[in-house]
Structures are given as C-alpha cells and as structure tokens.
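Here is a short tour of one protein chain and its ligand. Take a look at the model before reading on.

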Amino acid sequence: MNIDSSVTGKTRLLGLIGNPVEHSVSPQLHNSLSLLLGLDLLYVPLKVDKENLEVVVKALKAVDFVGFNVTIPYKRDIMKFIDDNTKEAILMGSVNTVKKIEGRLYGYNTDGEGFLRAFKEAAGTGFKGKKVVMIGAGGAARPIAVKIAMDGAEKISIVNRTTQKSVELAEVVNENVAEIVQVYNFEDKTLKMAFEESDIIINTTSVGMSPDIDKSPIENIDYFRSGQIVYDIVYNPSKTKFLADAESRGCKAIGGLGMLFYQGINSYEIWTGVKFSEKDLKDIYKSFITILNK
Ligand code: NAP
C-alpha cells in the first residue's frame with residue numbers, strides 16, 4: 001500500500017454548500033490553487049438539504065472550517081445564519097463566500113467583484129461614465145448592477161421579462177448607490193434607443209445557455225452597434241448566440257468564463273490573504289479552462 005499524505009491531521013478545511021453541487025468545478029479549482037501555493041487546505045463539496053442549512057452552518061463553524069462557498073439555492077437564505085455580512089453583500093442580496101475570523105462567520109459576495117475584474121481585464125476599460133444596458137434582473141444581475149454603479153456608470157438601463165424584478169433591482173441601486181437606473185419592458189419602443197446609445201450591453205439572463213444554444217435574449221441583431229462592448233455572463237457555451245450576433249455587428253464580445261474564474265479567485269484570496277500575480281493568474285486560468293472541458 002502507498003501512503004497518501006496529502007491530507008493529514010493538520011489539514012484545514014474549505015468547502016461548498018449548495019444543492020446540487022455535483023456539477024461544480026470549485027473543488028478542482030480551489031484544491032489546485034492550494035497545491036500550487038503549497039497550502040495545507042482541502043476543499044470539499046457539501047450537498048445540503050434546505051431544512052439542514054442552519055445546522056450545517058453551525059457545524060462548519062464548530063469544526064473550525066477556514067471558510068466556504070455558497071451556491072444555488074442558498075446564496076440569500078444563508079445570510080441569516082452568518083454573524084456579519086459585508087455592506088456590499090447586503091446590498092447585493094446574497095453571499096457566496098464565508099470566512100471564519102476569530103470565531104465569527106463573515107459573509108461576502110464575490111460575484112460582483114469577479115464580474116468587474118473579468119470585464120476590466122477582457123474589455124480594457126471599466127464603467128466610469130459609461131451607458132450600460134443590462135438584460136435580466138435575477139440573482140446574478142443584482143451584484144453586477146450594484147458593482148457597475150459603484151464603478152461609476154453614468155446610466156444603467158435594465159430590461160427583464162418580469163418587470164417587478166427589474167423595478168426592485170432599480171430601487172436597490174438608485175436608493176443605495178447612485179440614481180442612474182431606468183427600467184424598460186421588452187415591448188417599450190424606447191428600448192432600441194437605450195441599446196443604441198449604450199457603450200456596454202450585458203446579458204445576465206440564462207437565455208442561450210446549453211442546451212438552448214440557438215436562443216438569444218435579443219432577437220433583433222439591429223440592437224447591436226459596431227464598437228459596443230457586449231458581455232454575456234453565460235459561460236456554457238463559451239460563445240453564445242447573443243455574443244455571435246453581437247460580433248457579427250462589429251461589437252467586442254466577451255463570454256462569462258472570466259467571471260466564473262474571478263469569483264472563485266476572489267473567494268480564495270479572501271480565505272487565504274494571498275494575492276496572485278498576473279502571470280500566475282494567466283497560468284491558472286489556462287488550467288481552469290481545461291478543468292471545464294473535461
Ligand atoms: P436566475 O436568478 O434564475 O435569473 C434568471 C434570469 O433570466 C431572470 O432575469 C429571468 O427573467 C431571465 N430568464 C430566464 N428565462 C428567460 C426567458 N425564457 N426569457 C427571458 N428571460 C428569461 O439565474 P441567475 O443565477 O441570475 O443566473 C443567470 C445566468 O447566469 C445562468 O445562465 C447562470 O449560469 C449564469 N451565471 C454565470 C455566472 C458566471 O460566473 N459567469 C455567475 C452566475 C450566474 P425573469 O425574472 O422574468 O424570470
């Protein structure tokens with residue numbers, strides 16, 4: 001028998017709470033990061049039923065986990081079991097990263113920062129003074145809208161199938177960050193104008209995600225204009241129909257893999273205090289893509 005010493009009595013734990021968790025690439029990403037840095041950490045997936053959420057959080061606190069990620073469907077529900085949620089996470093309405101510090105659990109949201117970091121890297125610009133159209137007002141839209149407003153966007157036009165949700169999202173940003181959000185219906189005649197005047201268009205809906213790869217949240221490709229930056233947070237497929245349409249109109253098209261990567265990197269940085277160099281991040285990203293393709 002070969003002795004495996006990769007996990008010992010000194011190994012500290014990280015994990016992922018969600019349901020389902022089987023599809024997640026987070027264990028591979030985080031365990032590879034620990035291996036790269038030589039840190040004695042182990043990240044484990046924890047599939048949790050709703051009625052056990054509170055008891056699981058208490059247990060993780062009791063057994064001294066370093067921290068954990070939270071995924072669908074608990075990003076909002078978990079907040080009431082956390083000792084201190086950051087101001088940003090409260091505004092974003094969800095927590096995806098928890099860290100234990102001196103016996104207390106702190107809740108963070110890295111989705112917004114992950115999006116911003118990925119966007120800036122790929123687009124070569126941030127949101128200061130920019131006009132933005134955002135399609136969708138679901139769970140992922142809220143951290144993104146808050147972050148874009150914090151980054152100094154001039155205007156955010158939100159269009160969503162269910163108007164009540166876009167109105168609620170607009171209120172969060174307008175009342176807490178900056179009064180820059182306007183809400184549209186898909187039927188509004190002025191919606192096309194909002195697209196035309198925008199510098200950046202972001203899809204935060206799940207439309208176009210595998211297996212529905214022939215769908216796009218925007219059917220009329222005249223809504224895109226050459227020179228615009230178009231981002232789709234959907235990462236499977238890496239180039240959605242929405243992005244292909246935008247590209248065919250001369251837009252710069254960017255897919256959601258970078259966001260997925262950086263929200264994970266941000267979590268790891270919060271837990272360990274490590275700051276990766278640009279070179280390391282490039283190498284890690286290359287490996288990350290191969291994990292996804294497996
Ligand atoms: P969610 O909370 O369920 O929200 C879904 C959004 O899509 C809502 O705005 C919903 O509109 C809209 N939508 C769904 N089906 C639609 C349809 N047939 N027509 C028009 N609109 C439709 O989901 P989420 O967590 O925000 O995730 C959205 C997508 O982002 C998913 O594909 C997810 O995989 C992806 N995502 C990517 C990352 C990343 O790191 N890249 C992170 C998070 C999420 P209604 O409000 O009208 O229902």
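A polar contact is a pair of N or O atoms within 3.5 Å; within protein, one must be able to donate a hydrogen and the other to accept it. By that rule, the side chains of Thr11 and Asp40 form a polar contact, at 2.9 Å. The model is a predicted one.

**Around Thr11**

Thr11 sits in the segment before strand E1 (12-18). Is Thr11 buried or exposed? Thr11 counts as buried because its relative accessible area is 14%, and the cut-off for buried is under 20%. Its side chain also reaches the backbone nitrogen of Thr8, at 2.8 Å. Leaving out residues up to four places away in sequence, Thr11 touches Ser6, Asp40, Leu41 and Leu42. Asp40 thus appears both as a polar partner and in this list of touching residues.

**Two domains**

The domain assignment splits the chain into domain 1 (12-109 + 259-293) and domain 2 (112-255). Their C-alpha centres are 26 Å apart. The two domains touch: 16 residues of domain 1 are in contact with 19 residues of domain 2.

**The cores**

The largest nonpolar core has 55 residues. Phe115, Phe127, Met134, Ile148, Ile156, Ile202 and Tyr231 have the most contacts inside this core. Helix H9 (residues 257-272) gives the most to the core, with eight residues. Both domains take part, since at least three residues come from each of domain 1 (12-109 + 259-293) and domain 2 (112-255).

Take Ile148 as one example. Beyond its neighbours within four places in sequence, Ile148 is in contact with Phe115, Phe127, Val132, Met134, Ala153, Ile156 and Ile202. Apart from the largest core lies another core, of 17 residues. Ile17, Ile78, Met79 and Val95 are among its members.

**Met79, a member of the second core**

Met79 lies in the loop between strand E3 (67-70) and strand E4 (84-85). Met79 is buried, with a relative accessible area of 14%. Which residues does Met79 touch, not counting those up to four places away in sequence? They are Asn85, Ala89, Ile90, Gly93, Ser94 and Val95. Val95 is also named in the core of 17 residues. Met79 and Asn109 are 30 residues apart in sequence, yet their C-alpha atoms are 11 Å apart in space.

**Lys100 on strand E5**

Lys100 belongs to strand E5 (residues 97-101). A polar atom of its side chain lies 2.6 Å from the backbone oxygen of Lys61. The side chains of Lys100 and Asp64 are joined by a polar contact of 3.3 Å. With neighbours within four places in sequence set aside, Lys100 is in contact with Lys61, Asp64, Phe65, Val66 and Leu105.

**The ligand site**

There are 20 residues around the ligand. Gly139, Ala140, Asn160, Thr162 and Ile233 come nearest. Oxygen atoms of the ligand also pair with polar atoms of the protein, as the table shows.

| Residue | Atom facing a ligand oxygen | Distance |
|---|---|---|
| Ala137 | polar backbone atom | 3.1 Å |
| Gly138 | polar backbone atom | 3.4 Å |
| Lys165 | N or O atom in the side chain | 2.9 Å |

How much of the ligand does the protein cover? On its own, the ligand has 920 Å² of accessible area, and the protein covers 73% of that.

Definitions and conventions: Residues numbered from 1 in each chain as written. Predicted model: local features only at pLDDT ≥ 70, side-chain atom pairs only at ≥ 80, totals over all residues. Heavy atoms only, no water. Core = buried A, V, L, I, M, F, W, Y, C linked by side-chain atoms within 4.5 Å. Buried < 20%, exposed > 50% of the residue type's maximum accessible area, 1.4 Å probe, protein only. Helix = DSSP H or I, 4+ residues; strand = E, 2+ residues; numbered from the N terminus. Domains from an automatic or database assignment. Contact = heavy atoms within 4.5 Å. Near = heavy atom within 4 Å. Areas by Shrake-Rupley, 256 points an atom, 1.4 Å probe, with all protein chains shown as cover.
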